[in-house]
Amino acid sequence: MRKSAHVTTVTMSPAVESVQRVCLNVEASDKVVLLDNASEGSVFKDEELLTNIRKASVNCTFSGVGAGGILSTMVGDFGDFGEVYYHPDSPANIISWGEIFERHRGDEHFDIGFDSAMNHFFVKLRGKSYVFESVTKGLYGLVVKSSKVNAIASSVVTGTGQRNM
């Protein structure tokens with residue numbers, strides 16, 4: 001990640017382009033948030049998943065996304081995950097593994113990892129567990145049901161491994 005006084009440039013994983021092509025077991029009206037371990041930053045395309053959308057204090061250019069990248073001048077809050085960049089031309093809602101880790105690693109009860117028995121990634125924040133399941137070959141996403149878009153906390157996994165959707 002390169003920073004200047006007014007613009008940050010981050011590189012995205014080229015795999016995010018394929019998410020627009022096909023997502024397995026996901027209704028068209030559902031929202032998917034990809035967990036990307038190759039991305040240096042988080043950017044969302046769906047404003048419905050964000051609250052408090054506002055002007056960014058530092059603009060961010062996302063390279064490796066589309067033709068020539070995108071410049072985001074807006075940010076919003078994604079539930080317990082915190083601030084992410086917003087741009088409607090992003091190919092997907094992308095949350096950075098590294099950014100989550102750096103932002104929350106000192107928090108009590110924080111954990112992030114992969115459950116090989118269940119074939120999903122998980123993020124534990126503020127007493128809630130978020131599951132990123134396989135949505136297409138090699139990509140894992142948090143699927144937010146259309147009826148729950150305004151309540152991101154409803155995409156929580158209970159302690160028994162049951163999804164509470």
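**Notebook: cores and aromatic pairs**

I began with phenylalanine 114, which is partly exposed at a relative accessible area of 38%. I am working from a predicted model.

**Entry: pairs around Phe121**

I looked up the partner of phenylalanine 114. Phenylalanine 114 and phenylalanine 121 form an aromatic pair. Their ring centres are 4.7 Å apart and the planes meet at 55 degrees, so I logged the pair as tilted.

I then checked phenylalanine 121 against tryptophan 97. Here the centres lie 5.6 Å apart, with 85 degrees between the planes. The cut-off for edge-to-face is over 60 degrees, so this pair is edge-to-face. I noted where the two residues sit. Tryptophan 97 belongs to helix α1, residues 97–104, and phenylalanine 121 to strand β10. The pair links distant parts of the chain, 24 residues apart.

Is tryptophan 97 buried or exposed? I found neither: its relative accessibility is 23%, so tryptophan 97 counts as partly exposed.

**Entry: other aromatics**

I counted aromatic pairs for the whole structure and got 10. I also found one aromatic cluster made of Phe44, Phe78, Phe81, Tyr130 and Phe132.

I checked for a charge over a ring. Lysine 124 lies over the face of phenylalanine 122, at 5.5 Å from the ring centre.

**Entry: largest nonpolar core**

I listed the largest nonpolar core and found 20 residues. Which members touch the most others? They are Phe44, Phe78, Phe81, Ile95, Ile100, Val123 and Phe132.

I mapped this core onto the strands. The elements that give two or more residues are β3 (31–36), β7 (82–86), β10 (120–125), β11 (128–136) and β12 (139–144). The largest share comes from β12, with 3 residues.

I took isoleucine 100 for a closer look. I left aside neighbours within four places in sequence. Isoleucine 100 is then in contact with Leu35, Phe81, Ile95, Arg105, Phe110, Ile112 and Val123.

**Entry: second core**

I found another core lying apart from the largest one. This other core has 14 residues, including Val32, Leu34, Leu139 and Val143.

**Entry: Val135**

I placed valine 135 in strand β11. Its relative accessibility is 0%, and the limit for buried is under 20%, so valine 135 counts as buried.

How far apart are the C-alpha atoms of valine 135 and leucine 34? I read 8.8 Å. The two residues are 101 residues apart along the chain. Leucine 34 is also among the members of the 14-residue core.

Conventions
Residues are numbered from 1 along each chain as its sequence is written. This is a predicted model: local features need pLDDT of at least 70, side-chain atom pairs count only at pLDDT 80 or more; totals for chains, interfaces and linings use all residues. Side-chain values use heavy atoms; hydrogens and water are left out. A nonpolar core is a set of buried Ala, Val, Leu, Ile, Met, Phe, Trp, Tyr and Cys residues joined through side-chain atoms within 4.5 Å. Buried means under 20% relative accessible area, exposed over 50%, partly exposed in between (1.4 Å probe, protein chains only). Helices (H or I, at least four residues) and strands (E, at least two) are DSSP runs, numbered from the N terminus. Contact means heavy atoms within 4.5 Å. Rings of Phe, Tyr and Trp (its six-membered ring) pair if their centres lie within 6.5 Å; planes under 30 degrees apart count as stacked, over 60 as edge-to-face and the rest as tilted. A charge sits over a ring if NZ of Lys or CZ of Arg is within 6 Å of the ring centre and within 35 degrees of the ring normal.
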